[in-house]
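Trainee: Hey, can we walk through this fold together? I'd like to get the sheet straight before anything else.

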Amino acid sequence: MARAVTLIRSAALSGVAEYAYAATAPAESRLIFLAGACPLNEDGSTAAIGDYAGQAAKAVENLRIALTDSGATLQDVISTRVLVASAHREDLVTAWKVVRDSFADHDVPSTLMGVTVLGYTDQLVEIEAVAAVLD
């Protein structure tokens, strides 16, 4: 299957980042803008309360569902923003590792941010994404 997303790396930028610095999609691709994937169970309750890794895993699971319903997969994601409700770098890294591992070698451009609070009770992680597909 042909993919719309091309990841771009730059030899002039640090190789320490675990993601491509840019990505492109051709003009004929269909862009999919996903709402932030939250760590919510089907009944609306928050999953994995107090567990950054558990909430990141549930958010990725929900992101996959939204992508599938849109005709896409994680391999079609062109960028992400990972929001973590914490002022501690180790909490951000814990959530990031789960997200990063879920994308495997499709290391899309991403932003990891610590925020003060997220929208749902006991929510610690949220993942925004944009995808591109060729129909």
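Mentor: Sure. Start with what pairing means: two strands pair if DSSP finds at least two bridges between them. Keep in mind that this is a predicted model.

Trainee: Okay, so how do strand 3 and strand 6 pair?

Mentor: They run antiparallel to each other, and six bridges join them. One example is Phe 33, whose bridge partner in strand 6 is Val 130.

Trainee: What holds paired strands together in general?

Mentor: Backbone hydrogen bonds do that, and the strands can be parallel or antiparallel.

Trainee: Got it. What's the strand order in the sheet?

Mentor: The order is 3-6-4-5, in an open sheet of four strands with mixed pairing. Strand 3 (30-37) and strand 5 (110-115) are at the edges with a single partner strand each, so one side of each has no neighbour in the sheet. From one strand to the next, the twist averages 10 degrees.

Trainee: And which way do strand 4 and strand 6 pair, parallel or antiparallel?

Mentor: Antiparallel, over seven bridges, with strand 4 covering residues 77-85 and strand 6 covering residues 125-133. Ser 79 has Val 130 of strand 6 as its bridge partner, and Arg 81 is opposite Glu 128 in strand 6.

Trainee: Where does the "mixed" part come from, then? How do strand 4 and strand 5 pair?

Mentor: Those two are parallel, with six bridges between them. There, Ala 85 sits opposite Val 115 of strand 5.

Trainee: How many residues of strand 4 are buried?

Mentor: Seven of its nine, so strand 4 is mostly covered if you take buried as under 20% relative accessible area. Strand 6 is mostly covered too, with eight of its nine residues buried.

Trainee: What about the helices? Which strands does helix 1 lie across?

Mentor: Helix 1 (residues 52-69) lies across strand 3, strand 4 and strand 6, at about 30 degrees to strand 6. Helix 2 (residues 89-103) lies across strand 4, strand 5 and strand 6, and runs at about 155 degrees to strand 4.

Trainee: Back to strand 5 for a sec. I clicked on Gly 114 there. What does Gly 114 touch?

Mentor: Leaving out residues up to four places away in sequence, Gly 114 touches Val 84, Ser 86 and Leu 92. Its C-alpha atom is 8.6 Å from that of Val 82, and those two residues are 32 apart along the chain.

Trainee: Why does Gly 114 count as partly exposed?

Mentor: Because its relative accessibility is 44%, and partly exposed covers the range between the 20% cut-off for buried and the 50% one for exposed.

Trainee: New topic: how many cavities of 30 Å³ or more are there?

Mentor: Just one. The largest cavity holds about 60 Å³ of space.

Trainee: What lines the largest cavity?

Mentor: The lining includes Glu 18, Tyr 19, Thr 80, Trp 96 and Asp 107. Helix 2 gives the most to that lining, with four residues.

Trainee: And how does the lining of the largest cavity divide into nonpolar, polar and charged?

Mentor: Five residues are nonpolar, three are polar and three are charged.

Methods:
Residues numbered from 1 in each chain as written. Predicted model: local features only at pLDDT ≥ 70, side-chain atom pairs only at ≥ 80, totals over all residues. Heavy atoms only, no water. Axes fitted to C-alpha atoms, helices over the stretch in contact; angles between N-to-C directions. Contact = heavy atoms within 4.5 Å. 1 Å grid on protein atoms, 1.4 Å probe; cavity = no way out; pocket = protein on both sides within 12 Å on 5 of 7 lines; lining within 4 Å. Points joined across faces, edges and corners; volume = space filled by probe spheres on them. Nonpolar A, V, L, I, M, F, W, Y, C, P; charged D, E, K, R; others polar. Buried < 20%, exposed > 50% of the residue type's maximum accessible area, 1.4 Å probe, protein only.
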